[in-house]
Amino acid sequence: MRLANILAWVCALTLLCTTTPLWSQRTVAGNVNSDDGALPGAFVLVVGTTRGTTTDFDGNYLIDVLPTDTLQFSYIGYNNLEVPVLNQDRIDVNLTTGNDLEEVVVVGYGTMRKSDLTGSVASVKTEGIDEIPQVSVGQILTGRVAGVNISQSSGQVGSGVSIRIRGGNSLNGNNEPLYVVDGYPIINDDGAFGAADVLGQPNTVLGSSQDNPPGALNWLNPADIASIEVLKDASATAIYGSRGANGVIIITTKTGKKRKGQLTFSTSAGFSTLTNRNVDYLNASQYATLRNLRDEANGEEPLFNGRPDELGPNGRIIRHTLPENLGEGTDWIDAVLQTGITQNHSLGFTGGSDDVTYAGSVGYLDQEGAIINSGLQRINTRLNVTGKLKSWLTLTNNFTFSLEDSDNVVDSRNTGKNGPWARALMTIPVEPVFNENGELNVDYSGPLEFQLNNPVATAQGIKNKFRTNTFLDNISLKATVLEGLSVETRASVFSKRLLRDAYYNSQITSTGFSTGGLAAKNSTQVQSYLTETFASYNKKIGIHGVSAVVGYSYQTTTSERISLGAFGFPNDDLSNESFQSGTSIPSETFKVRDLLSSYFGRINYTLLDKYLFTFSGRADGSSKFGRNNRWAYFPSAAFAWKLDQEDFVQQLAVFDKLKLRASYGVTGNQSISSLQTIPLLTTVNYPIGGGVAVGARPGSIGNPDLRWETTNQFNLGIDAGFAAGRYTLSLDYYNKRTNDLLQQVPVPINSGFGLKFDNLGEISNEGFEVEFSAIVVNKALKWDMSGNFATNETRLISLGQGEANILRLRPPGITAAYDGSGVALVEGETPGVFYGYRRQGVWTSQEEIDANASLSTATVGSQRFRDLNGDGQITAADETIIGDPNPDFTLGWSNNFSYRGFDLAIQLQGVFGGDIFDIQRGISENPDLINNVLATTLDYFDPVANPGGQYAAPGQISGAYNFQDSWVEDGSFVRLRNVSLGYNFRDLKVIQGLRIYVNMVNMFTWTNYTGFDPEVNSFGQSNLYRSIDVATLPTFKTVTFGLNVNL
Amino acid sequence: MNYSIKAFFGALLFLGLTVSCSADLEEEVFSQASPTAYFNSRGDVRTALNGMYDPIQQCCGSYSQGRSFLLNTVIDEGTMLAGNWGNYEKLIYTATSNGEPNNIWASNYLSINAANFVLENEDKIRALDGPAGTFANSALGEAAFLRAVGHFDNVRMWGAVPLRTSVAKTTAELDIPRSTEAEVYAQVLADFTFAAANLPEAPTETGRPSSWSAKAYLAKVHLTLGDFPAAVSFAQDVIDNGPYELVTPFAAVFDVTNENNAEVIFDIQYARVNLEGSRMAQLSTGNNTAFTAFGRGGWGLQIAETQLFEKYLEVDDRRATTFSSLLPHPTNGFYYYGKWRDPQGVSIDGHENNFIVYRFADVLLIHAEALNEVNGPTPQAYAAINQVRTRAGLAGLEAGGSKEQFQDAVLYERHLELALEQHRWFDLKRTGQLKASLIAAGKPWDDRYLLFPIGQQELDISSQLVQNPGY
């Protein structure tokens, strides 16, 4: 090195000595390179002149310079670099991406420099996290943004997620944010509860495409995502008007860069198992012991009495083996579980020249569920192309197609107790999986309550396949009309087709047995066309900076559903591919078209580059609104003050960035399901006149005054940066008030109507958010971290239903046997607080029962409840609030380490203070012992042997069906969300990059929750039934090994 | 160049604006009809009439399950296997745990609302008819008939219930207070009278009511109200001039291959189509009998009380039909229901058995009861009851008993003749025997049992309704 320097100096001296004038012009050659390889089209400019050139395809350039010149190298997305020429003939540079580059974030209908933001916008760049396989958008966002809560409705592979930004604003309307994918808006509404399905209620016999539907954004390959912006406050979301109240998630896919083509191949294999297997149920011997006690208590002969087994009416063997001879029996949970293997392969390509850039991918995912007979396969393709047609005209076309086949086990949520997981929790361990002749051990001869539903048979015998085709094309033409003024017009075509194929085997499923095989095909089609045109203007005149956007948008969506069914098949051979060999069920069709027409705009005005003002808004006209309220207006205003530009702050020499933000605005929620404003007839059937005749009766009353929900949000924030961007801190406080809640108001059924939609009541959400980032160590070992903390307090301010300040609800699908409400809306409380009886141990003597308020059915050893109103009776009036699902605060903490070729990422997430209503525990502690029960119930009350026992004695079922506080638990948890360890091979000859890694998702969870999974949310997107656990498939932990190759 | 840019810009704006502004923001529904644009054809009328039956027919509202679970078990006829439903026989039902009463309440009101939808569109329906008006008369009569059937059930079970005579269109109309019992009964009588005057003598279609069905109901309503002379006169008219007769043998009344027979005055139609069929066979026949879908046997969920079986004489022809077997079930010793059997059923809710709501034997016994109340046990009264007894293979009652003895005899005969058909609770209440009968059956008694509780949710929702006393 030193020798080289000396040689160079010698050389230079020699040159000098050869009398070449120092100022003489000559040619310098070189290469512009980066960590990503050579940069074609990079600018090489002589500083202070207009002379310059661009690099060729291999990043090489030639330029004539004077030795006194300085060359500036620039390339979009990289730091500029200036190099004095001096006497060099060759100048090779390596451009870096770095912190001093002003970060650009995507906002509605445009982009902004992060420092110019006035609203609350969080940005997640996938760079760094796209090297590990992400299965969904929800997974990318989990724990990374303050105030964004993500929950999975089920551990089913491919099932949807529910995202709440700053709490839920709506009771029955949709609370999911609006997703905008490359400009195309998507509402993620699984429609199962609350906001009634846009396609109407599912048919009870045929089921529908709503039975465990695949996630709404499954068609989007996470590997294609370049950045995700989360717009949280009204200033940021008002431009989305009547769809902005729940926040907006803008997803931008990767675009090509002007450089040589690059091919990326990624492959991984993952292994999924249950996060928590430590929930113990009784084994066969224990169950039989308790069952005998129960039978004795009921005055019946004990079932397990040692007599020879007998043959029941349908071949099921009625077992009488003495408990002590039964042993462990069947562990049904193990019987339905498997290690799910996931394979993920993806091929990405990107590149471009001056006129055309492109990026695209082909992805293949094969994911096995952790429960037997479930899984999915998905193919995603994408091609994003941008072409410069004229110097002033750019065309962009983003095209994506996805094909997904999933085989879903029927989960508990929509279908009562029919899913294999729910069955596994209930089926008694005495029964074997297979009977003596090797057939699945089932018995459907009795009423539902007494059938033997073998969970393995349920998993094998119910086919619930979904095939989803999704197509989205966004085409955009952008013309630069004048300097600073451009006009862009976009058109989007979105088409989604979902076909559900369901079949209930006639021999091994309960439904199939009672119908001779039941087959259903449900097809759902959604087609949407969107056109948007908007003009953008950017100008800086002296101390004034203006950027503005104004435009209009028109969208039409047609939704169609077809349900067909048949039953009574001669055999199961053709399952549901031969409807003609069974008896048809009356088919159902449904079709509706909705329109949305909008005008929107935003003005950003900057004074002195210190004071920033933003005004934005939208006018929406929607066919979903009532005839009398067709148009809605949503304005917002924001102000930000860049304190770091003020002398008095600069003198402090503490902050290198400091900005105060304040915003206020109005946004809406228009997720009224279709057809709520007009009265409609319901089509029914009545078998008269020799066949099944069609009938019609008033079905809904309609409401022509129905309008959007209005959310007024105030946001106050501060952004600070320290030590040259090494540490950043953002604080936000917000207060949201949502009124005109779209409530599905129950009306007295004696009116002949059950429900109507109305705008009533008010909800508030108030919270505090902290986000920080730090580069802790920046040497050979690099360590950077980011974290967030958020609180959100949600309150039902008013029900708006007259004097009633409480509305009792009931979790759907819970059998009528359960007494009480379970869940209620109470003014002043979190919407959907748990509501039930207060448990007070068990009755220990008849005298105690006689002397106190008791249920009329109370017996010694049965459950005792508190007589809260002191009227000497246990009635509905003794129900009270027994739990609150809303967490006190949430935490997210991400750490990235790198050292030489190694990188390590660790991400933790915590949720604190929310309750879980474990209704499943109630089912699994039932002393009637029709089902298997939890091992904890062995601590049952016995006046002699266990007078302190807290569980009801076997057979003493009084109160066992009362919704009660003993099923409510603290749901706080900390989860090691993600750990990923990788190694990047460097200086490889043939290939540009090679990375191997191991990635672990959900490896450890710290919680006191006694159920399977503290993240449980059986009712998915519902804002009324939150954090309830009813036999929902828990989430899984996954270990993935993978390889990425760059060519 | 500059020109083309501007032209392009202009074209874009124009295109967008045209699209946006031409938008008519009316939601388009393709697959559901609007009630305001209905009754454009006779087909619409027939469809709307069918809509009245669906709520009370479909599972598991009223006639497919709810009435049977509740009304048979609270008295001394039936019992239930499953724990929770088993509470009804112990008279344990509260406003919150109010499954079957709620179901009955709701399905009756849904049916009433559908009837009101027809009745309030009289003008449109008449416009579809010729000058004679037979089509419209019959349709309106059928709607009035169904409305009365629903209100009649509800007023007997809950007392002073909300009276619904039009489809609610405003929020205020959704929530109305109770009317008095007298007002409800007056409407029930008016509706049945209207139906009797407007329905044809022979039903327009098998399974629909005729004017005779309405007259038979008038006899029953008057009997319930204690207007015995009126009850006598309507029953007399139906017996003398109506098309009905007792079907022989007794088994033929319920034979699934002999539906819509001459004894049926009004029934709910079921077919062997999944969800359009009856569930009664599945619920009530024992689980090794072969009387249900695929011959697999029922669930045995509903059990006939053994003491009911023991009340029948061996010679009583009704015994073999009323129970699914003359021997107790081999493993559990229960007797099961036998009136609803269909081995050719296609699914749980796919049995053919129509549910006979009202049959001619009931009219004969009403006649006997009302005659006795008016003039004591006249020979005519004996003739009426003995007609029923004779069909059952029993000897006729000897004349000469007292009025009270005759009252008891009629009530007892109704018990055996109409067993498990959900009449006895109404009979016991009407005759003031509910308390004595429950106590005799070893059940608890409280005066509140004379009415059922209104569901707590209904009370919570309504600002107008108050609970029945004692609940």
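Are A:Tyr61 and A:Phe73 buried or exposed? I began my notebook with this one: A:Tyr61 is buried, and A:Phe73 is buried as well. A reminder to myself before going on: this is a predicted model.

**Entry 1, confidence.** I looked up the pLDDT of chain A and found an average of 84, with 91% of the residues scoring at least 70. Where is confidence lowest in chain A, and where is it highest? The lowest mean, 45, belongs to helix 1 (residues 2-17) of chain A, while strand 50 (residues 968-970) of chain A has the highest, at 96. I then noted a stretch of chain A, residues 191-211, where the pLDDT is below 50. In the model this stretch still has 66 contacts beyond near neighbours in sequence. Residues 412-417 of chain A also have a pLDDT below 50, and here I read 24 contacts beyond near neighbours in sequence. My note in the margin: where pLDDT is low, the predicted coordinates should not be read in detail.

**Entry 2, aromatic pairs.** How many aromatic pairs does a search of the whole structure find? I got 64 over all chains. I went back to my opening residues, A:Tyr61 and A:Phe73, and found their ring centres 5.6 Å apart. Their planes are at 65°, and over 60 degrees counts as edge-to-face, so that is how I logged the pair. A:Tyr61 is in strand 5 (residues 60-65) of chain A and A:Phe73 is in strand 6 of chain A, so I have a link between distant parts of the chain, 12 residues apart.

Next came A:Phe634 and A:Trp708, with ring centres 6.3 Å apart and planes at 75°, so this pair is edge-to-face too. I placed A:Phe634 in strand 31 (residues 631-642) of chain A, and A:Trp708 in the loop between strand 34 (691-700) and strand 35 (709-722) of chain A. The pair therefore ties together parts that are 74 residues apart in sequence. Both A:Phe634 and A:Trp708 are buried.

**Entry 3, a loop tyrosine.** I found A:Tyr78 in the loop between strand 6 (70-74) and strand 7 (81-84) of chain A. Why does A:Tyr78 count as buried? Its relative accessibility is 5%, and the cut-off for buried is under 20%. I also checked A:Tyr78 against A:Thr489, 411 residues apart along the chain, and their C-alpha atoms are separated by 29 Å.

**Entry 4, chain B rings.** Ring pairs join B:Phe145, B:Phe152, B:Tyr185, B:Phe192, B:Tyr217, B:Phe266 and B:Tyr358 into a cluster. I looked for charges over rings as well: the charged end of B:Arg156 sits over the ring of B:Phe426, 3.8 Å from its centre. Likewise, B:Lys215 has its charged end over the ring of B:Trp212, 4.1 Å from the ring centre.

Definitions and conventions
Residues are numbered from 1 along each chain as its sequence is written. Chains are lettered from A and ligands numbered from 1 in the order in which they are written. This is a predicted model: local features need pLDDT of at least 70, side-chain atom pairs count only at pLDDT 80 or more; totals for chains, interfaces and linings use all residues. Side-chain values use heavy atoms; hydrogens and water are left out. Helices (H or I, at least four residues) and strands (E, at least two) are DSSP runs, numbered from the N terminus. Buried means under 20% relative accessible area, exposed over 50%, partly exposed in between (1.4 Å probe, protein chains only). pLDDT is the predictor's confidence in each residue, from 0 to 100. Contact means heavy atoms within 4.5 Å. Rings of Phe, Tyr and Trp (its six-membered ring) pair if their centres lie within 6.5 Å; planes under 30 degrees apart count as stacked, over 60 as edge-to-face and the rest as tilted. A charge sits over a ring if NZ of Lys or CZ of Arg is within 6 Å of the ring centre and within 35 degrees of the ring normal.
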